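Here is a friendly tour of one chain, taken a feature at a time. Please keep the structure open beside the text as you read.

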Amino acid sequence: MRISSITTSAVHVNHRGDWLFVHVQTDEGIAGVGEASHSGSDAETAALIRALEGKLKGRSALALEEIWDDMRKDAQSRSDFCALSGIEMALWEIRSKAEGKPVCELLGEPLRKEIKLYANINRCTVDRSPEGFARIALAAAEEGFPAIKLAPFDEVTWKSQTIKKNEEQSAFGLQRVRRVCEAVRPSAEVFVDCHSRFHPDAAIRVSEQLHEMGVTWFEQPVPESDPDEFSRVKENSPIRIAGGEEANVRQTYRPLFERNGFDILMPDVKNIGGIGELKRTAEMANERNLLVAPHGPSGPISIAAGAHAMSIVKNFMILEYPFGEIPWRKDLTNPPEEIKKGHLILSDRPGLGLELDRKTVSEHPAGF
């Protein structure tokens, strides 16, 4: 079974960006789909995927590991790794369809078929007032999501990097968190993302205030590019520290692992190198007694890919889901994602269990 073509399609989502999909076709009619969204430049990633078609066309579609190794040698940028990840997901789909099994059964013995989700409400919240966040958070909680995540610190400027300035800037963000906690607790946990905005000492002080509100985790409080400072925040924070969404392949984590920088690891299937590398990363984290909660506020293909990997992972905690971004998400795949009480139900169909609906894709084209 040989690769006959590799193409892309994309849909426009909202003011926060688009979703980019990868389609791998074989000469025997079996096709696979992956996702390469959120690289920072969809146009660049799509161009890289087109270039990779020339290198991969004619190769065995079942030689997944060999192809991954070859693509990995040349991957350097985030766009490179998103392209690699999207093609890798599609090749897993092809292999599993050829064997007539869902992807999770090719990865190992599934431990669960219902994957616990948390609702990321940040991307859909246009009204950034405390009440605006609380309203969306309550809607997610009422749909049964067991945890809600927001990124409340819009006013905090990383470049200021002073304790006093960070504390002044964080005041309104803390109001947002407090209001969300009031709206959804005790039925749902609350997670807080910081997008690396804080001075380390300010991050420690803010973590203490979040702890008093009952927040479960504090995500990317400071830049991970400085493992020593990240580790210092973790050592002095009363709540768990999460991070690692931007890593490319599992070796990227070693400096933070060596400094005991995480409580919760958040690899993204679109950045890390695909389904197989996500699984290997989770296994490496398990050796260090770390929980894994994959990052990925993106389209249904990458969510499904992450869910299949997490179905076999012992140290799985929870998977990210972008809540409320578009009203037509359910129309984007056949069948639609099946979510019950905040859990994604894995399909027993071969592949990832979802096929993109070409009509819906054509109705929402991305402008690049």
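## Two cis peptide bonds

P186 sits in the loop between α6 and β6. In this predicted model, the peptide bond that joins R185 to P186 is cis, and its omega is about 10°.

Further along the chain there is another cis bond, from N334 to P335, this one with omega near -10°. P335 belongs to the loop between β12 (333-334) and β13 (339-340).

## Positive phi away from glycine

Two loop residues deserve a look at their backbone angles. H38, in the loop between β3 and α1, has a phi near 65°, a positive value in a residue other than glycine. Its relative accessibility is 18%, so H38 counts as buried.

S196 is not a glycine either, yet its phi is positive, at about 60°. You will find S196 in the loop between β6 (189-193) and α7. Is S196 buried or exposed? With a relative accessibility of 15%, against a cut-off of 20%, S196 counts as buried. Leaving aside neighbours within four places in sequence, S196 is in contact with W158, Q220, P221, V222 and P223.

## Helix α6 and its two partners

Helix α6 spans residues 163-184 and helix α7 spans residues 200-213; their axes come within 10 Å and cross at roughly 20°. Angles under 35 degrees count as roughly parallel, and α6 and α7 are therefore roughly parallel to each other. The crossing of α6 past α7 is right-handed. On the α6 side, the contact is made by I163, N166, E167, S170, L174, V177, R178 and C181, and α7 brings D201, A202, R205, V206, Q209, L210 and M213. Sorted by class, the residues of this contact of α6 with α7 are eight nonpolar, three polar and four charged.

Now turn to helix α5 (residues 130-142), whose axis comes within 8 Å of that of α6 and crosses it at roughly 30°. α5 and α6 are therefore roughly parallel to each other as well, and their crossing is right-handed. Here P130, E131, F133, A134, A137, L138 and A141 of α5 meet F172, Q175, R176, R179, V180, A183 and V184 of α6. The contact of α5 with α6 has ten nonpolar residues, one polar residue and three charged ones.

## A buried arginine in α6

R176 is a residue of helix α6, and it is among those that meet α5. How does R176 count, buried or exposed? Its relative accessibility is 2%, so R176 counts as buried. Not counting residues up to four places away in sequence, R176 touches R128, S129, P130, F133, L150, P152, D154 and E155.

## The three-stranded sheet

Which strands form the open sheet, and in what order? There are three, in the order β1-β2-β3, with antiparallel pairing. β1 and β3 (31-35) are the edge strands, each of which pairs on one side only. From one strand to the next, the twist averages 20°.

Helix α1 (residues 42-56) packs on this sheet, touching β1 and β2, and its direction makes about 170° with that of β1. Helix α12 (residues 300-310) also packs on the sheet; α12 touches β2 and β3, and its direction makes about 95° with that of β3. As for how covered α12 is, eleven of its eleven residues are buried. Among them are I301, I303, H308 and M310.

## How β1 meets β2

β1 and strand β2 (residues 17-26) run antiparallel and are joined by ten bridges. The hairpin that joins β1 to β2 passes through two residues. Two pairings help you follow the register: A10 stands opposite L20 in β2, and I3 has T26 of β2 as its bridge partner.

## The start of the chain

M1 is placed in the segment before β1 (3-14). Leaving aside neighbours within four places in sequence, its contacts are T26, D27, E28, I30, R59, S60, A61, L62, I94 and A98. T26 is thus a contact of M1 and also the bridge partner of I3. The C-alpha atoms of M1 and K330 lie 329 residues apart along the chain and are separated by 32 Å.

Methods. Residues numbered from 1 in each chain as written. Predicted model: local features only at pLDDT ≥ 70, side-chain atom pairs only at ≥ 80, totals over all residues. Heavy atoms only, no water. Helix = DSSP H or I, 4+ residues; strand = E, 2+ residues; numbered from the N terminus. Contact = heavy atoms within 4.5 Å. Axes fitted to C-alpha atoms, helices over the stretch in contact; angles between N-to-C directions. Parallel < 35°, antiparallel > 145°, perpendicular 65-115°, else oblique. Left-handed = near helix turned anticlockwise from the far one by under 90°. Nonpolar A, V, L, I, M, F, W, Y, C, P; charged D, E, K, R; others polar. Pairing = 2+ DSSP bridges. Buried < 20%, exposed > 50% of the residue type's maximum accessible area, 1.4 Å probe, protein only.
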